[in-house]
Amino acid sequence: MADVMVADAATKIRGYLRENMTAFQDVELDDEENIFERGYFTSLFAMQLLHYVESTFDIEVPDDYIILRNFSSVRRLADMVGELKASAGE
């Protein structure tokens, strides 16, 4: 069940990135790829991504989770969502 939730989260996050970052619309985006290394993100977009994650998955990302590592790839974002959902008993 948790694997399904993480896979669903990855699909939604990937879709959000494609819809909101023109740089990702025409390229293959590997879930493991470090999206910050591409250099297209600003601190404003990082905040928008945080808001998207919290509102879409109905979670609150604790301050100690707001680190570059957790936001560096689709996979890490999805894993963080899965971990926070599991810790909430979902």
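Is Arg75 buried, exposed or partly exposed? Keep that one in mind, everyone; I'll come back to it. Just so we're clear, what you have in front of you is a predicted model.

Let's start with helix α1, which covers residues 2-20. With 19 residues at 1.5 Å each, this helix should span 27 Å, and its end C-alpha atoms are indeed 27 Å apart. Its buried residues are Val6, Ala9, Ala10, Ile13, Tyr16 and Leu17. Looking down the axis of α1, you'd find those buried residues within an arc of 130°, so they line one face of the helix. They pack against α2 (43-57) and α4 (74-87). On the face turned away from that buried side, α1 carries the exposed residues Val4 and Glu19.

Now, the salt bridges. The structure holds three.

One joins Asp8 to Lys12, with the closest N and O atoms 3.4 Å apart. These two are four residues apart in helix α1, so about one helical turn separates them. Asp8 is partly exposed, at 37% relative accessibility, and Lys12 is partly exposed at 36%.

Another pairs Asp31 with Arg14, closest N and O atoms 2.8 Å apart. Asp31 sits in the loop between α1 and α2 while Arg14 belongs to helix α1, so this pair ties together parts 17 residues apart in sequence. Arg14 is partly exposed, at 21%.

That brings us back to Arg75. Its side chain meets that of Asp79 in a salt bridge, 3.2 Å from N to O. They are four residues apart in helix α4, so again about one helical turn separates them. And the opening question? Arg75 counts as partly exposed, at 35% relative accessibility, and its partner Asp79 is partly exposed too, at 31%. Thanks, everyone!

Key
Residues numbered from 1 in each chain as written. Predicted model: local features only at pLDDT ≥ 70, side-chain atom pairs only at ≥ 80, totals over all residues. Heavy atoms only, no water. Expected span 1.5 Å × (residues − 1). Buried < 20%, exposed > 50% of the residue type's maximum accessible area, 1.4 Å probe, protein only. Arc of directions from axis to C-beta. Contact = heavy atoms within 4.5 Å. Salt bridge = Lys/Arg side-chain N within 4 Å of Asp/Glu carboxyl O.
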